[in-house]
Amino acid sequence: MNLRVLAGSLAAFGYNHIVGKLPSRLVRSLYLQAYLRRRGQGTGIQMGCRFLNGRRVSFGDRNVINFGCLLDGRKFNITTGSDVSIGPEVAILTLGHDPQSPDFADRGGDVVIGNHVWIGYRATVLPGVTIGDGAVVAAGAVVSKDVDPYTIVAGVPAKPIGTRTKDLTYQLNYNPLLL
């Protein structure tokens with residue numbers, strides 16, 4: 001194992017098992033500013049989130065990342081736009097295994113999340129998925145394919161159930177004392 005990989009593993013361990021559980025938003029924010037690829041201005045990450053290689057995770061401005069999320073940036077990137085709300089205990093995965101592979105080979109891809117996206121409680125986003133601007137992912141949904149802009153998806157696997165207005169202008173501003 002080279003020093004860069006070891007340093008990344010230690011940084012992930014430090015956040016996931018120590019810093020991420022501290023009730024100090026300031027301490028967590030300072031650590032994440034150094035650890036993540038990008039943490040946009042006004043982005044808040046609540047306690048208990050876990051990162052598998054935060055160096056591949058980029059958040060846009062004014063994102064709200066709720067408690068208990070798992071963000072898997074092991075081999076591929078996770079990128080969000082601005083004003084994204086990610087609900088509690090959401091899992092965003094970039095790596096899995098090919099079920100048809102005789103040697104259990106890895107399979108994965110980048111996850112890209114557009115602006116003004118809302119991902120509900122305990123949803124799962126699978127590797128290689130793009131979620132378009134303004135889309136909504138319902139609670140508990142498993143997103144295995146790209147989601148078109150302004151589309152509302154639900155279910156396992158997630159399927160379109162409606163559309164969302166296209167004139168979204170809100171800017172998230174969730175900054176309680178303790179995140």
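This is a short tour of two pockets, one helix and two buried loop residues in a predicted model.

**Stop 1: helix H1**

Start by selecting residues 3-17, which make up helix H1. How far apart are its end C-alpha atoms? They sit 21 Å apart, and that agrees with the 21 Å that 15 residues should span at 1.5 Å a residue. Now colour Ala11, Ala12, Gly14, Tyr15 and Asn16, the buried residues of H1. To see what they pack against, show helix H2 (25-35), S2 and strand S3 (50-52).

**Stop 2: the largest pocket**

Stay with H1, and add the largest pocket, which holds about 290 Å³ of space. Which element gives the largest share of its lining? Helix H1 does, with seven residues. For the whole lining, select Arg4, Val5, Ala7, Gly8, Ser9, Ala11, Ala12, Tyr35, Leu52, Asn53 and Arg55. Colour that lining by class and you'll get six nonpolar, three polar and two charged residues. Look again at Ala11 and Ala12: they are in the pocket lining, and they are buried residues of H1 as well.

**Stop 3: Thr43**

Next, jump to the loop between strand S1 (38-39) and strand S2 (44-45), where you'll find Thr43. Is Thr43 buried or exposed? Its relative accessibility is 1%, so Thr43 counts as buried. Leaving out residues up to four places away in sequence, Thr43 touches Arg25, Phe59, Gly60, Asp61, Arg62 and Asn63. Zoom in on Asn63: its backbone nitrogen lies 3.1 Å from a polar atom of the Thr43 side chain.

**Stop 4: Ser82**

Keep Gly60, Asp61, Arg62 and Asn63 on screen, since Ser82 is in contact with them too. Ser82 sits in the loop between strand S7 (78-80) and strand S8 (85-86). Its relative accessibility is 19%; buried means under 20%, so Ser82 counts as buried. Add Asn115 and His116, which are also among its contacts beyond four places in sequence. Then pick Val117: this residue is 35 residues from Ser82 along the chain, yet their C-alpha atoms are separated by 8.5 Å.

**Stop 5: the second largest pocket**

Finish at the second largest pocket, with a volume of about 170 Å³. Select its lining: Val143, Ser144, Lys145, Asp146, Val147, Asp148, Thr151, Val153, Pro157, Ala158, Lys159 and Pro160. Which elements give two or more residues to this lining? They are strand S18 (151-154) and strand S19 (159-163). Colouring by class here shows six nonpolar, two polar and four charged residues.

Methods:
Residues numbered from 1 in each chain as written. Predicted model: local features only at pLDDT ≥ 70, side-chain atom pairs only at ≥ 80, totals over all residues. Heavy atoms only, no water. 1 Å grid on protein atoms, 1.4 Å probe; cavity = no way out; pocket = protein on both sides within 12 Å on 5 of 7 lines; lining within 4 Å. Points joined across faces, edges and corners; volume = space filled by probe spheres on them. Helix = DSSP H or I, 4+ residues; strand = E, 2+ residues; numbered from the N terminus. Nonpolar A, V, L, I, M, F, W, Y, C, P; charged D, E, K, R; others polar. Buried < 20%, exposed > 50% of the residue type's maximum accessible area, 1.4 Å probe, protein only. Polar contact = N/O pair within 3.5 Å; in protein donor to acceptor, adjacent residues only side chain to side chain. Contact = heavy atoms within 4.5 Å. Expected span 1.5 Å × (residues − 1).
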